[in-house]
Amino acid sequence: MSNSGYNPKSKQSLFTLLSELPGQIVDLVKAEIDAFKADISGKAKNVGIGLGLFVGAAVFGFFAICVFIALAVIALDLVLPLWLAALIVAVALLLIAVILALIGLNRVKTGTRHDPDGVTASIQKDVDAFKGVGEYEH
């Protein structure tokens with residue numbers, strides 16, 4: 001039999017081993033917390049870099065849209081006077097903005113509309129039942 005598998009703690013008494021257990025548990029918890037912190041910090045770094053790249057892409061996308069709008073004005077200028085081409089593009093953009101705003105307003109109204117059979121009403125019924133007032137099932 002070789003000594004390579006020798007564990008010096010195997011010769012210690014049970015009471016000694018049990019007295020070391022809380023310290024080992026604390027060390028284990030600290031090691032797990034440190035590993036968790038290292039894992040989260042690495043992921044947070046990657047998420048931060050990714051978000052920064054998305055912001056950069058959004059900025060370049062915005063400028064690309066501005067160039068396309070200028071291109072539309074220039075293309076219309078080939079067949080119309082410049083002021084009319086710019087006016088047509090501006091009115092088209094304003095129309096798109098108004099349509100998007102109306103759709104967004106409709107979505108917000110739908111999302112914030114009071115639902116008489118929704119969660120709020122259900123909670124109110126539960127509170128009334130707890131108080132012993134109102135109608136409730138047994």
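**Reading a helical model together**

Modeller: Let's start with how much is hidden: of the 138 residues of the protein, 4% count as buried. Please keep in mind that this is a predicted model.

Colleague: Thanks! How many helices and strands does the protein have?

Modeller: There are 3 helices and 0 strands. Following the sequence, you read the pattern α-α-α.

Colleague: Which elements have the lowest and the highest mean pLDDT?

Modeller: A general idea comes before the numbers. Where pLDDT is low, the predicted coordinates should not be read in detail. Here the protein averages a pLDDT of 85, and 88% of the residues score at least 70. Among the elements, α3 has the lowest mean, 75, while helix α2 (residues 82-112) has the highest, 93.

Colleague: How far apart are the end C-alpha atoms of α1?

Modeller: They are 93 Å apart. At 1.5 Å a residue, the 64 residues of α1 should span 94 Å, so the two values agree. You can try this on helix α3 (residues 119-131) too: its 13 residues should span 18 Å, and its end C-alpha atoms are 18 Å apart, which agrees. Just after α3, look for G132, which takes a positive phi of about 90°.

Colleague: Where in α1 does a kink lie?

Modeller: Go to L21, where α1 has a kink of about 35°. The proline P22 follows shortly after the kink.

Colleague: Now the side chains. Which residues meet in a salt bridge?

Modeller: The side chains of K43 and D39 do, at 3.5 Å from N to O. A search of the whole structure finds 1 salt bridge. Here is the general idea: an α-helix has 3.6 residues a turn, so residues three or four places apart point the same way. In our case, K43 and D39 both lie in helix α1, 4 residues apart, about one turn of the helix.

Colleague: Is D39 buried or partly exposed?

Modeller: D39 counts as partly exposed, because its relative accessibility is 39%.

Colleague: And the surface? Which residues make a nonpolar surface patch?

Modeller: That patch, about 530 Å², is made by L14, L18, L21, I25, V29 and I33. L14 sits in helix α1 (residues 14-77). Its relative accessibility is 57%, so L14 counts as exposed; the cut-off for exposed is over 50%. For the whole protein, about 12200 Å² is exposed, and carbon and sulfur atoms supply 71% of it.

Conventions. Residues are numbered from 1 along each chain as its sequence is written. This is a predicted model: local features need pLDDT of at least 70, side-chain atom pairs count only at pLDDT 80 or more; totals for chains, interfaces and linings use all residues. Side-chain values use heavy atoms; hydrogens and water are left out. Patches are made of residues with over 30% relative accessible area and no salt bridge: like charges are joined within 9 Å, nonpolar side chains (Val, Leu, Ile, Met, Phe, Trp, Tyr) within 5 Å. Accessible areas come from the Shrake-Rupley method with a 1.4 Å probe; for residues, only the protein chains shown count as cover. A salt bridge is a side-chain nitrogen of Lys or Arg within 4 Å of a carboxyl oxygen of Asp or Glu. Helices (H or I, at least four residues) and strands (E, at least two) are DSSP runs, numbered from the N terminus. Buried means under 20% relative accessible area, exposed over 50%, partly exposed in between (1.4 Å probe, protein chains only). The expected span of a helix is 1.5 Å times one less than its number of residues. The bend at a residue is the angle between axes fitted to the seven residues ending there and the seven starting there. pLDDT is the predictor's confidence in each residue, from 0 to 100.
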